[in-house]
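Student: I am new to this structure and would be grateful for a close look at a single part of it. Please begin from one pairing and then place it in its surroundings.

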Amino acid sequence: MRCKQKVFSVLLVALLIVSSLSFNMGTAMAAVSTNSSSIVNGGFETDFWNDQSWTVETNNWDQLELSQFPYANDSSLNPNEQAFKYWIKETAAGKPTFSVKQTIPALPAGNYELSLKSMGGAAEEAGNVELFAGNNKGTVTATTGYNEWGTVKLKFVVEQDTMNLVVGANISGTPKAWGYMDSFELKQVSSESESPVAADITVKKVEGLRSDFIKGVDISSILSLEKSGVKFYNENEKEQDIFKTLSDAGVNYIRVRVWNNPFDSNGNGYGGGNNDLASAAEIGKRATANGMKLLVDFHYSDFWADPGKQHTPKAWENMSFEDKKKSLYDYTKDSLKYLLEQGVKVGMVQVGNETNGQFVGESDWSKMSELFNEGSRAIREIDPSILIALHFTNPESEGRYDSYAQNLKDNKVDYDVFASSYYPFWHGTLSNLTSVLKQVADTYGKKVMVAETSYTYTAEDGDGHENTAPQSSGQTLNYPISVQGQASSVRDVIEAVANVGDAGIGVFYWEPAWLPVGPKENLENNKQIWEKYGSGWAASYAKEYDPKDAGLWYGGSAVDNQALFDFNGHPLASLNVFKYVNTGSVAPVAVDEIKDISITAIAGEQIHLPENVSVTYNDGSSGKTSVVWDQAAFEKAISQGAGSYVIGGTIEGGQAVKAFLVIKQENLVLNAGFESNDRSMWKISYPEGTKPHTNYQNKASDAKSGNYSLHYYSEDAVNFRVEQALSGLKPGYYNLSMFIQGGDTKNPNMNLFALTGSEEIKKETSVNGWVQWSNPEIQNILVTDGTLTIGANIKADGGAWGTIDDFYLSFDKSIEETVTVPSSDPTKDVQLSDISGHWAEAEIKQAASMGMIKGYKGGTFKPNAAVTRAEFTVMLMNALKPKENGVELDFKDSIPAWAQKPIAQALESKFIHGYKDKTFRPRASLTRSELAVIAASAAGVELATSASSDFADANQIPGWARDAVAAVKKLGIMSGRNDNLFAPNETVTRAEAVLIIMNLL
């Protein structure tokens, strides 16, 4: 059939093509080049039907509605003035398609990027957009929802000047699919027409990279690892000296740390590679033999020096300041002279490591500067051509580096290079890194570089010693945790330094070879190796020198998952990033990362798993792809009701994804989200003389879930009360919550309330902007007569607007109190009728015999019931048997008599605390996160910063509990539930509470 067409054209062609897609909320990404776009009428601002700037082709004109759309028709949309709008009619058959094209009259050789802003329906109403160039096609990408603009990109190379290149987009969808297109752009990225090399990873070339740019690595741990039996291989699977492998991969510099005397009086090494001067010489000789220079990193300490500690070497501890200066000068000069005599090609020396306000035990900048200058003087006297670097960290802190550089200038410190650590997890944006380094370079005339960086390629731990990253909170993970993500991170750090200009001289990757000495399953054997050879980050022998850090947390490699080699010593594709930044590289487009999802649902209500999940491709683009879930596991979870579950799924190609499903208790509020047309159970009232100003609004974008919400707006004052009276509730304690969002709110007075008997309990709340949902909650509402009225009071000045949605009331526990007072005969066999066959039967009986618990009236223990804060505190104090009477209680809420003394004792011991509102909430259930914090405190554990627990749901553990969870897991006090879930927000059962206390003992 001959294809009918209307004039309306589209974008580009090339000999080598790479497609990419980047979908993000809000405005689309900016074009790569500052050159003007080659596209005519890219924003559809003129009538393309009449001026023939674009060509539209389709066989399905009767099934489509295509038009130029003025944004003035929808005030929520404002990228430009006009857009291209499409809608596939509800009556359409199959999956209609159309094309939008434009011919580029002439295109010179070079690298190009074609881009398009896109937005439209989600799921079955999504529009599918595919950029094309000639016969080559990019990735098909689906729109993801109203006002969720994304940028579709197509990168390609034109190897010779080309005429009349036809470029464009193919759009398809099922009936009711819709979308908008805007801001077509075609820009030249560079005039170079060389194609990037084919590879296993995609690396965008770093433009303008100087030929002598330092591409370095710090492999200070290498000798101890080799002594521990770790082997390294080349890309051909053959064992090979790692120094040659690194050189072949484009590395041109090696960094090595040097400690004065990292050994105890018996010659036992502190670990971390046991890096003394002799080790540095051996590493330096191997680097030199393989054509690489050496950066010598003097810590001027016997072990790790960083912002948290700058311990003075043991031999210098009792010296006067003048003697310390002389010792530093002599040590630097003698050490450097020794290295050069060994034939080591030293290119740079670092005077101190991460010296943020401290150096060799001094914290006064004038004294620190004198010490810096003693090191510099020694280096200059040995070889003036060797670069001198000073090293700092935390570039994300505003004004920090300028302050340091100014102090160095004021104190006339002699140095060449201002070096920074930059770990993407903690140290802010790359643009900020460039900015602060450029400011130092321009203002103070110094060279700048990154002395340490790294990124994870897997979340797995290789040796049984927990890793520093990734963590569930407190870290920024802007790249996929993958080999490609690791390569992209390194590439972007190199570019950030190169963007400083000529003063940006290089980047060092920290410890890319610190691998496991054995599998994590052989942890005990690994510990022996770490101790013997110093191949872990710290050995127990370091306790004498660093008792507060290494003495507590000594062990293996915390960065084995950030290495550029796999756990068995084979180089990862990311190692070659040091070569590819000069040429660029391209891998076949593939899914690199799949985003696991988290869903919270309510028992008894319909639960849906999404048909699509978010993915990131190896070229840095992102999009959606369909997923098939484990239906049997999903149905089993629904049938089991309240709890935490992991549902597995697979995307096309067989890659796995997880859905973390939390099913909450049944919601006792009727029509809680206003979705049913019968809303007779709700009552809305206004003060006398006030006009009604609420309505049940059918607008999904304003609802927390579903389509409907209770909407309010008034030009005059907003003032109303929405409520629902409930009856037939069983006596006990209940929890209530709701969601509210809105804006333009002046003088607000908003609260969630629960009316039981004559008492109205309120929880104040507020609104913070469109779809910035607040979620107020009231816990432990006591119901004795079966009735409860719940709702919200909303007051604000005129002009306020917002929506309320998803009230939620759940039963928490019965009224019965636990009798935990020890019996007069603690060894008497306590008979409990409901623990026979329970998994914790033995522990409960033992606890009863110890006088720790006695059970409920009637001879039951209720092992599966949630334990309250009062109950657990009494159990814990009965077990620990403190002699003190405790502090005086002054909480606003009443504490049961049977729990008053144990709570007072626990408060005095600082095992547990009250809340900021001066309540203790004795009847509140304890979550597993809360109990982990209490247990860690009771165990007297010093928490490690950024510790990892390796639970499957670690990303759901609150930041305030993360370190405690890791600690109690490591000590064997608490463990996970099924499927390696910690279930941080679930309540602790009484049986679990007993087991945890027994583990503490």
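Which residue is the bridge partner of Val349 in E20?

Tutor: The bridge partner of Val349 in E20 is Ile388. The model is a predicted one, and what follows should be read accordingly.

That bridge belongs to the pairing of E19 with strand E20 (residues 387-392), which is parallel and extends over three bridges. Between the two strands the chain passes through helix H6 (residues 365-382), and the resulting β-α-β crossover is right-handed. Strand E19 itself covers residues 346-351; six of its six residues are buried, so the strand is largely enclosed by the rest of the structure.

E19 also has a partner in strand E18 (residues 293-298), again in the parallel sense, with five bridges. Two residue pairs illustrate this side. Asp297 has Gln350 as its bridge partner in E19, and Leu294 stands opposite Val346 of E19. Here too a helix belongs to the arrangement: E18, helix H5 (residues 321-341) and E19 form a right-handed β-α-β unit.

The helix that leads from E19 to E20 merits attention in its own right. H6 consists of 18 residues and spans 26 Å from its first C-alpha to its last, close to the 26 Å expected at 1.5 Å a residue. Among its buried residues are Trp365, Met368, Leu371, Phe372 and Ile379. The list also includes Ser369, Glu374 and Ser376, together with Gly375 and Ala378. The buried residues of H6 pack against H5, E19, E20 and helix H7 (400-410). H6 is thus in contact with both of the strands it links, E19 and E20.

The wider setting is a barrel. Eight strands close into it in the order E16-E17-E18-E19-E20-E21-E22-E23, with parallel pairing. From one strand to the next, the twist averages 25°. Helix H9 packs on this sheet, where it touches strand E22 (447-452) and strand E23 (504-510), and its direction makes about 155° with that of E23.

On the approach to E18 lies another helix, H4 (residues 277-289). Its 13 residues reach 18 Å from the first C-alpha to the last, close to the 18 Å expected at 1.5 Å a residue. Leu277, Ala280, Ala281, Ile283 and Ala287 are among the buried residues of H4, and so are Ser279, Gly284 and Arg286. What covers them includes strand E17 (253-258), E18 and H5, as well as helix H2 (222-227) and helix H3 (242-248). Just after H4, Gly291 adopts a positive phi of about 75°.

The buried side chains may also be considered together. In soluble globular proteins, nonpolar side chains tend to be buried together. In this model the largest nonpolar core has 110 residues, of which Ile254, Phe418 and Phe578 touch the most other members. Helix H9 (residues 483-498) gives the most to this core, with seven residues. Phe418 offers a view of its surroundings: leaving aside neighbours within four places in sequence, its contacts include Leu390, Phe392, Tyr401, Tyr404 and Ala405. Leu408, Val440, Lys447, Val448 and Met449 are also in contact with Phe418. Two of these contacts, Leu390 and Phe392, fall within E20, which runs over residues 387-392. A second, separate core of 48 residues includes Leu907, Ile934, Phe951 and Ile996.

A sheet elsewhere in the chain provides a contrast with the barrel. It is open, with five strands in the order E31-E34-E40-E36-E37 and antiparallel pairing. Strand E31 (683-685) and strand E37 (759-765) stand at its edges with a single partner strand each, so one side of each has no neighbour in the sheet. Direction ignored, neighbouring strands of this open sheet are turned by 20° against each other on average. E31 pairs with strand E34 (residues 718-726) in the antiparallel sense over three bridges, and within that pairing Lys683 has Glu723 as its bridge partner in E34.

To return to the starting point, Val349 and Ile388 are bridge partners, and they lie in two strands of the eight-stranded barrel, E19 and E20.

Key
Residues numbered from 1 in each chain as written. Predicted model: local features only at pLDDT ≥ 70, side-chain atom pairs only at ≥ 80, totals over all residues. Heavy atoms only, no water. Buried < 20%, exposed > 50% of the residue type's maximum accessible area, 1.4 Å probe, protein only. Helix = DSSP H or I, 4+ residues; strand = E, 2+ residues; numbered from the N terminus. Pairing = 2+ DSSP bridges. Right-handed = clockwise from strand over helix to strand, strands pointing away. Expected span 1.5 Å × (residues − 1). Contact = heavy atoms within 4.5 Å. Core = buried A, V, L, I, M, F, W, Y, C linked by side-chain atoms within 4.5 Å. Axes fitted to C-alpha atoms, helices over the stretch in contact; angles between N-to-C directions.
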